[in-house]
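Let's take a walk through a protein structure together, one stop at a time. Keep the picture in view as you read.

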Amino acid sequence: MWDYSEKVKDHFFNPKNAGAVAGANAIGEVGSISCGDALRLTLKVNEATGVIEDAGFQTFGCGSAIASSSVLTEIIKGMTLDDALKVSNQDIANELDGLPPEKMHCSVMGREALQAAVANYRGEEWQDDHEEGALICKCFAIDAVMIEEMVWANKLRTVEDVTNFTKAGGGCAACHEDIEGILERVLKERGETFDPNAAPIEAVVMEKKPLTNLQRIKKIEEVLESLRPQLMADGGDVELVEVVDNTAYVNMTGACSGCQMAAMTIAGIQQRLMEVLGEFIRVIPASQMHKVAVAAGG
Amino acid sequence: MSDIYLDNNATTKVDPLVVDAMLPFFTEQFGNPSSIHKFADGVAKALKKARQQVQELIGAEHDSEIIFTSCGTESDSTAILSAIKAQPNKKEIITTTVEHPAILSLCEYLEKEGYTIHRLPVDRCGRLNLDAYQKMLSDQVAIVSVMWANNETGTIFPVVEMAEMAHAAGVMFHTDAVQAVGKIPMMLQDTKIDMLSISGHKLHAPKGIGVLYLRRGTRFRPLLRGGHQERGRRAGTENTASIVGLGKACELALEYMEYENIQVKAMRDRLERGIVEQIPHCFITGDLNNRLPNTTDIAFEYIEGEAILMLLNKAGIAASSGSACTSGSLEPSHVMRAMDIPYTAAHGTIRFSFSRYNTMHEVEEVLKVMPGIVATLRKLSPYWDGNGPVANPEQAFQPTYA
Ligand SMILES: Cc1ncc(COP(=O)(O)O)c(C=O)c1O
């Protein structure tokens, strides 16, 4: 069975705030029955102060889904909606002393239920850009959908490319056969054939004095600024959330978020960044930050 | 209360008599059976005896039809790969949608290599349609591989009849009998089954020992080539202690065959009836009239299996689940999907599998805690409202994204 932390077990065996809140004025329902995890979050928000006075959950799911739901309600009770929205799935996982990589999606589900509930309260429609595939790389918790998108967007050809762009396969290497499977499929759809001995993409391998992190962030901001008019013309926008080593996390907002083209747009931004900065940069939606954070945590 | 083990389809405890039979082969009789000195003296004889004990349990005609392997998975792979290598012109394989991954993953791999895989579907009770099977048989088919009994539901397939049909069409027939051997009486010499897989750890022998039964005269290509062990059909120095253990386990399985089908079955039936009577909205999956005597697989609607297992584990009870979460995949068990069990039930399936070591007292203990466990989780479920499921569960709760 899973190696759950004591905190996870405690929240599972003694869940807090189980059940629907009476007189709730914010409801979020997210999850996927086919995947076996779904959650309804009910909140009672004080209309004058915007403070979450009560929170309750109803969850169909495994031990970590129930524990994530329970801990989420504990975290957000007493917060204002704006503060609650800042709670990331990583915060949820941290509060549980971590989750196994296969189970990180349970914390993502918690955060999404919260976003959905807040949107419901504010009379907005919450849209989800989240798509999840089978977990391929267990070391870095990268799923098939993410790999496939990156292969399409960046015209990746080799396992090494995939590792460079997504980190998948960079650990124990046991998933290389699965990654090759994805490459074979996508390359076939592109009308190419997979060649295990092909040279990895080299366009971005530059030998220059490395940038300091501050320089890097400044340059990234400049590039995003230069791209912004174009994005806004399409009714969208982009915001830099965090830069960790050579990875830039961005929030796609407006028409860009969740749209079919988001992945393509991100790829375009990545390409432009690499050209300007002259080094390998990876651009990842901030919503996927957890996947990499797990990696950092071992 | 000591812990209750109801996960015998996953693996079983090694019988103490099996351990006793094995021990001398680690320390005293440690010689290589191929050597010519007294350290090896008894070893070759012991292997022969074990071969005969296996032979007797499955009713094989000759003891040379027994090939020892390292596990059930190796036996399955050997059978299928042998059939396609021995008949390179035949590019089709027939199997079912509910096989163990030992067969299914291999078939997926062969599919990528250009083989055509026919996967027989099952109905909601997990049964095959033999007319559909008949239509798939042709001279293009290298091998049929159909499990004797399903590891999740215990459903038994009519493999003896299916082997006859394959034989009539000139097609080789293999059965993964890992779950069936020791629980169902067999007389292979009266059948047309060409190959059959056994795994020791499912019948109170150790893990890491298996058998491939290979009917005399069946064309064969070894998976492992090297020394002359197993008459050149499976090279590698024999796992002597485990082979001796498996032999003993087969002897015991034969002795307990009646007990398995009467007493063990009675425990299973008592548990099943007790659960269905006490707990609303649960049902037994598989072919109720045609199952292994030791297995029951029960779907508890509106709750999820891993959560049930965690609460059972806390109560000292070991079972297993077909839920996605226990395997780390996103889909519930392929067996449940193949039977078209709705997602709200498929994720909540729990398999209880018995052995001769269980007692009726243990069944009563499980019956005491099970209703509370299910009720606890249903209280948390968005599909549940007070004493029953919400009206129109699929409409009442519609989470975003599917
Ligand atoms: C039906 C079936 N086939 C094959 C196997 C694999 O056997 P082994 O673990 O010995 O490789 C199992 C065990 O889980 C099984 O249940």
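What follows is a short tour, from the layout of a chain down to single residues. Bear in mind that this is a predicted model.

Start with the layout of chain A. This chain is divided into domain 1 (6-121), domain 2 (135-189) and domain 3 (213-295). If you take the centres over C-alpha atoms, domain 1 of chain A and domain 3 of chain A sit 28 Å apart.

Inside domain 2's stretch of sequence, have a look at A:Asp178, which belongs to helix H8 (residues 176-189) of chain A. Its partner for this stop is A:Cys137: the two are 41 residues apart in sequence, and their C-alpha atoms are 8.9 Å apart in space. A:Asp178 has a relative accessible area of 43%, so it counts as partly exposed.

Just along the chain there's a backbone detail to spot. A:Ala173 lies in the loop between helix H7 (159-166) and H8 of chain A. Its phi is near 75°, a positive value in a residue that isn't glycine. With 34% relative accessibility, A:Ala173 is partly exposed. Chain B offers another case: B:Arg231 isn't a glycine either, yet its phi is positive, at about 55°. You'll find B:Arg231 in the loop between strand S8 (210-214) and helix H8 (240-255) of chain B. B:Arg231 counts as exposed, because its relative accessibility is 64% and the cut-off for exposed is over 50%.

Now for the charged pairs. Over all chains, the structure holds 27 salt bridges. One of them joins the side chains of A:Lys86 and A:Asp83, with 3.4 Å from N to O. A:Lys86 is exposed at 63% relative accessibility, while A:Asp83 is partly exposed at 37%.

Which chains does the next pair link? B:Glu306 and A:Lys103 meet through their side chains in a salt bridge of 2.8 Å, N to O. This pair crosses between chains, running from helix H10 (residues 305-314) of chain B, where B:Glu306 sits, to the loop between helix H4 (89-95) and helix H5 (104-121) of chain A, home of A:Lys103. Are these two buried or exposed? B:Glu306 is buried, with 0% relative accessibility, and A:Lys103 is buried too, at 2%.

Back within chain A, A:Asp237 forms a salt bridge with A:Arg228, and their closest N and O atoms are 2.9 Å apart. A:Asp237 is partly exposed at 21% relative accessibility. A:Arg228, at 16%, falls under the 20% cut-off, so it counts as buried. Salt bridges can also link up: in chain B, shared partners join B:Lys265, B:Arg268, B:Asp269, B:Glu272 and B:Arg291 into one network.

Over to the surface of chain B. B:Val19, B:Leu23 and B:Phe26 make a nonpolar surface patch of about 270 Å². Of these residues, B:Leu23 lies in the loop between helix H1 (16-22) and helix H2 (24-27) of chain B. B:Leu23 has a relative accessible area of 45%, which makes it partly exposed.

The last stop is the empty space inside. Rolling a probe the size of a water molecule over the atoms shows where such space is left. A search of the whole structure turns up four cavities of 30 Å³ or more. The second largest cavity holds about 130 Å³ of space. Its lining is made of 16 residues, and those nearest its centre are B:Lys183, B:Lys202, B:Leu203, B:His204 and B:Glu260.

Technical notes. Residues are numbered from 1 along each chain as its sequence is written. Chains are lettered from A and ligands numbered from 1 in the order in which they are written. This is a predicted model: local features need pLDDT of at least 70, side-chain atom pairs count only at pLDDT 80 or more; totals for chains, interfaces and linings use all residues. Side-chain values use heavy atoms; hydrogens and water are left out. Domain bounds come from an automatic or database domain assignment. Patches are made of residues with over 30% relative accessible area and no salt bridge: like charges are joined within 9 Å, nonpolar side chains (Val, Leu, Ile, Met, Phe, Trp, Tyr) within 5 Å. Accessible areas come from the Shrake-Rupley method with a 1.4 Å probe; for residues, only the protein chains shown count as cover. A salt bridge is a side-chain nitrogen of Lys or Arg within 4 Å of a carboxyl oxygen of Asp or Glu. Helices (H or I, at least four residues) and strands (E, at least two) are DSSP runs, numbered from the N terminus. Buried means under 20% relative accessible area, exposed over 50%, partly exposed in between (1.4 Å probe, protein chains only). On a 1 Å grid over the protein atoms alone, a cavity is a set of points where a 1.4 Å probe fits but cannot get out, and a pocket is an open set with protein on both sides within 12 Å along at least five of seven lines; lining residues have an atom within 4 Å of a point. Grid points are joined across faces, edges and corners, and a volume is the space filled by probe spheres set on the points.
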